[in-house]
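Work through the exercises below with the coordinates open, and try each task before reading its solution.

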Amino acid sequence: MPNINSSATRSPPALAIPTPAQYQWHEQERIMFIHYGPATWQGLEYDDHSTPLTAINPTALDTHQWCRAALAWGAKQIIFVAKHTGRFCWWQTDTSPYGIKETPWKNGKGDVLAEIAEACRLHGLNLGVYLSPADKLWDAGVGSPGRTKDPAKQEAYAHVYRQQLTEVLSRYGKMHEVWFDGSCLMDVGDILTRYAPDAAIFQGPMASIRWCGTESGRVSYPAWNSLKRKDLASGVATVAHSDPDGDAWAPLEVDTTLYSHWWFWSKANEAKRKSLAELMDCYYKSVGRGGVLLINATPNTDGLIPALDMALYQALGQEIQRRFSRPRAEISDGCGNITELLLPPNDTVNHTVIMEDYRQGERIRAYKVEGLMGGEWRELCRGTAVGRMKIDVFPPAIADKLRLRVTRSVGEPIIRRFAAFHVEQFTHDPYTQVAPAVDEWHSSGQWSAQN
């Protein structure tokens, strides 16, 4: 285990660090899922094959609208579910008799994967693909890494799955992420190496990112990006395997539905749409804890994302901008245990954002944010993991200065950004950890009364 001291050094022990591809994936911060399939027509989460393929004809389908939804809330990438567990394939393939080719949409000549790939290119979005190893018609059940109930079918299904993966990775341009939901039993390493060498891999033996462990849109804290290599090799590592001294790097993807808790559209599910406040809470507890937030979108049977969903994505993007686009003060590219930030006179702050240069590993192991108030430094908040970003919230304070004081580190901390914000019309989250000294100062009446 590395020697952790309160005084940093410029020559830290070896730390896990991201590859350039992992760093580029992580910097996207926000990604949008798209779940669409026969289950949409059935009002179910899993396709029960009750919908005749002749009924699947989304004549208004508009992948450009899907891209506009992603851009509205600041997503930089779309992950399209090209095949869910029910086996329906949204691209032109001869590997299955159950797909878009067998529907009347565009006279059986349509290819939704091709259309979303082209739309993403035009809108400047990256594209990833979800190709379920579970496959109901091969008796590889939900949650399965592709294991068929009948062992005699395993080799045949492995051949089909490898062909499907080759098709979706080789025909549609660069894929930035590949989802193997539930891991992947089939040997596909050669296909990934050939066609998607820089893609982030979600689950499976070649995983390079991890699941947060729930579908709540929130990741537990601290959420370290590193873990033991043997845990990552399991193909199903989660935040529970985080280890700040681990020898492998795999950042955390935090996925959630827009409808609580449904991945596929139905008219009834629209009534379960999450509130803007809940989505902002997800942002704080995913991106604000160093992860990447993945929010679902689900077109209706016409092929369009509902208007009220579109409005919510836009409101989310605007609210993130409102809160975090205008810092009261900020500093970047700092090193060392103490970083000070001079605030405007008589200004009020209630949020800080800390970012470290995690390309050099997660060096910060514990920190405090303090405010200089009445000539005395008082603790506002504290934490452990920083990584890409840590958002802290505290009761509104009028301070002359803020300082970030790293109290434990491995090597010298490299501060990418330290910024202070005053978010108006903000209700303080009672579950956010606040230093006792802050509570005492607040109760004394010396805090700003602004909220």
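**Exercise 1.** Determine which residue M32 stands opposite in β10, and place that pair within its sheet.

Solution. M32 stands opposite I295 in β10. Strands here are DSSP runs of E with at least two residues, and helices are runs of H or I with at least four, both numbered from the N terminus. Next, β1 (residues 30-34) and β10 (residues 292-297) run parallel and are joined by 5 bridges, where pairing requires that DSSP finds at least two bridges between two strands. Finally, the open sheet of 8 strands has the order β5-β4-β3-β2-β1-β10-β9-β6, with parallel pairing; its edge strands, each pairing on one side only, are β5 (200-202) and β6 (210-211).

The model is predicted, so local features need pLDDT of at least 70 and side-chain atom pairs pLDDT 80 or more, whereas totals for chains, interfaces and linings use all residues. Residues are numbered from 1 along each chain as its sequence is written, and side-chain values use heavy atoms, leaving out hydrogens and water.

**Exercise 2.** Describe how helix α3 packs with helix α10.

Solution. Begin with the axes, which are lines fitted to C-alpha atoms over the stretch in contact, with angles from 0 to 180 degrees between N-to-C directions. Helix α3 (residues 63-72) and helix α10 (residues 307-324) pack at about 30°, with axes 7 Å apart. The two helices are therefore roughly parallel, a label for angles under 35 degrees. Then list the contacts (heavy atoms within 4.5 Å): Q65, R68, A69 and A72 in α3 meet M310, Y313, Q314 and G317 in α10.

Conventions: Angles under 35 degrees count as roughly parallel, over 145 as roughly antiparallel, 65 to 115 as roughly perpendicular and the rest as oblique.
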